[in-house]
Amino acid sequence: MKSRKAMCGRYTLRARLNQLLQIYAAESDVELEPRYNIAPTQDVATVRSTADSATRELALLHWGLIPSWADDPKIGNHMINARGETVAEKPSFRTALKRRRCLVLADGFYEWKKEGKAKQPHFIRMKDDGPIAFAGLWEHWRKNGLTIESCTIITTSANKLMSELHDRMPVILSGNDIDLWLDQKVEDSKTLLPMLDPYPDEEMETYPVSTLVNSPKNESSECIEPLAE
């Protein structure tokens with residue numbers, strides 16, 4: 001089955017900052033508000049190792065990776081996702097895979113299922129509604145006095161739950177894989193690529209939601225409320 005459109009393209013982050021800092025052992029001085037409809041090109045919350053690898057920081061990065069060699073930062077609009085199967089070979093991502101990995105923080109994401117001529121949005125989350133760590137990459141771009149730090153979310157083939165909605169899903173990391181992903185001493189793709197498998201579907205759930213989420217202008221808890229039957 002061919003991919004129907006980009007994935008992952010919208011998600012939520014409702015968890016409190018202090019909870020995220022504790023879970024991911026990170027430090028930060030940023031401020032976070034609950035987000036119900038995060039969209040590409042916006043600044044998003046990530047966790048990455050600091051330059052000396054001594055600590056982790058929660059940083060806001062532009063969603064849409066801009067390679068360091070790019071002439072025009074608008075190229076990032078087409079790089080919100082990176083396919084796990086080719087991320088080690090693509091010039092846009094292979095250096096970041098070795099040296100600039102991050103977690104993109106979320107606690108749910110959206111996908112649209114075609115029903116007749118319409119597309120019904122669905123919300124996908126963990127059954128305990130807890131935080132989710134997407135596998136991400138980040139880059140530092142500078143040109144003509146402008147500096148942008150940006151990121152992308154890695155995707156993989158869909159698990160059984162997601163396959164009813166799309167043939168792709170974001171890579172979700174947990175447990176020891178999070179530590180390994182953020183370890184800057186690890187550069188070997190043979191160690192990294194096995195982590196980019198589909199997440200177990202039995203720990204996840206999905207339900208239809210309002211078409212309010214279709215517009216990124218709509219940013220309220222109504223976006224994740226189950227659709228009335």
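Mentor: Before we look at any strands, here's the rule: two strands pair if DSSP finds at least two bridges between them. Helices (H or I, at least four residues) and strands (E, at least two) are themselves DSSP runs, numbered from the N terminus. This is a predicted model, in which local features need pLDDT of at least 70 and side-chain atom pairs count only at pLDDT 80 or more, while totals for chains, interfaces and linings use all residues. Residues are numbered from 1 along each chain as its sequence is written, and side-chain values use heavy atoms, with hydrogens and water left out.

Trainee: What makes E9 and E12 a pair?

Mentor: DSSP has to find at least two bridges, and E9 and E12 (residues 172-173) have two, in the antiparallel sense. So the pair meets the rule. Within it, Ala-133 stands opposite Leu-173 in E12.

Trainee: And how many bridges does E9 make with E10?

Mentor: Eight, again antiparallel, with E10 covering residues 146-157. One of the matched positions is Arg-142, whose bridge partner in E10 is Thr-147. E9 also pairs with E6 (residues 101-106) in the antiparallel sense, over six bridges. There, Cys-102 has Gly-136 in E9 as its bridge partner.

Trainee: How do you know that E9 is mostly covered?

Mentor: Go residue by residue: buried means under 20% relative accessible area, exposed over 50%, and partly exposed in between, with a 1.4 Å probe and protein chains only. In E9 (residues 132-143), nine of the 12 residues are buried.

Trainee: Arg-142 belongs to strand E9. Why is Arg-142 called exposed?

Mentor: Its relative accessible area is 59%. The bar for exposed is passed, so the label holds. In space, the C-alpha of Arg-142 is 9.8 Å from that of Pro-67, though the two residues are 75 apart in sequence.

Trainee: Right after E9, what is special about the phi of Asn-144?

Mentor: Asn-144 has a phi near 50°, a positive value in a residue other than glycine. Asn-144 sits in the loop between E9 and E10, in a hairpin with two residues between the strands.

Trainee: Is Asn-144 buried or exposed, and how do you know?

Mentor: Asn-144 is exposed, because its relative accessible area is 79%. Now set that beside Asp-129, in the loop between E8 and E9. Asp-129 isn't a glycine either, and has a positive phi of about 60°.

Trainee: Why is Asp-129 called partly exposed?

Mentor: Its relative accessible area is 28%. That value falls between the two limits, so neither of the other labels fits.

Trainee: What about His-122, why does it count as buried?

Mentor: His-122 lies in strand E8 (residues 118-126) and has 10% relative accessibility, which puts it under the limit, so it's buried.

Trainee: Which residues is His-122 in contact with?

Mentor: Contact means heavy atoms within 4.5 Å. Setting aside neighbours within four places in sequence, His-122 touches several residues, among them Phe-109, Tyr-110, Leu-165 and Tyr-207.

Trainee: Let's go to E3. What makes E3 mostly covered?

Mentor: Six of the seven residues in E3 (residues 43-49) are buried. E3 is joined to E4 (residues 56-63) by seven bridges, running antiparallel, with Val-44 opposite Leu-61 in E4.

Trainee: Why do E3 and E6 pair?

Mentor: They have two bridges, in the antiparallel sense, and at least two are needed, so they pair. Val-47 stands opposite Leu-103 in E6.

Trainee: Zooming out, how many helices and strands does the chain have?

Mentor: Four helices and 13 strands. Of the 229 residues, 48% count as buried.

Trainee: How do you know that the chain agrees with a compact globule?

Mentor: Use the radius of gyration, taken over C-alpha atoms, with the globule rule of 2.2 Å times the number of residues to the power 0.38. For 229 residues, a compact globule would come out near 17 Å; the chain has 17 Å, so the two agree. The C-alpha atoms fill a box of roughly 50 × 40 × 35 Å along the principal axes.

Trainee: And what share of the contacts is between residues 24 or more positions apart?

Mentor: 69% of the contacts in the chain with a separation of 6 or more.
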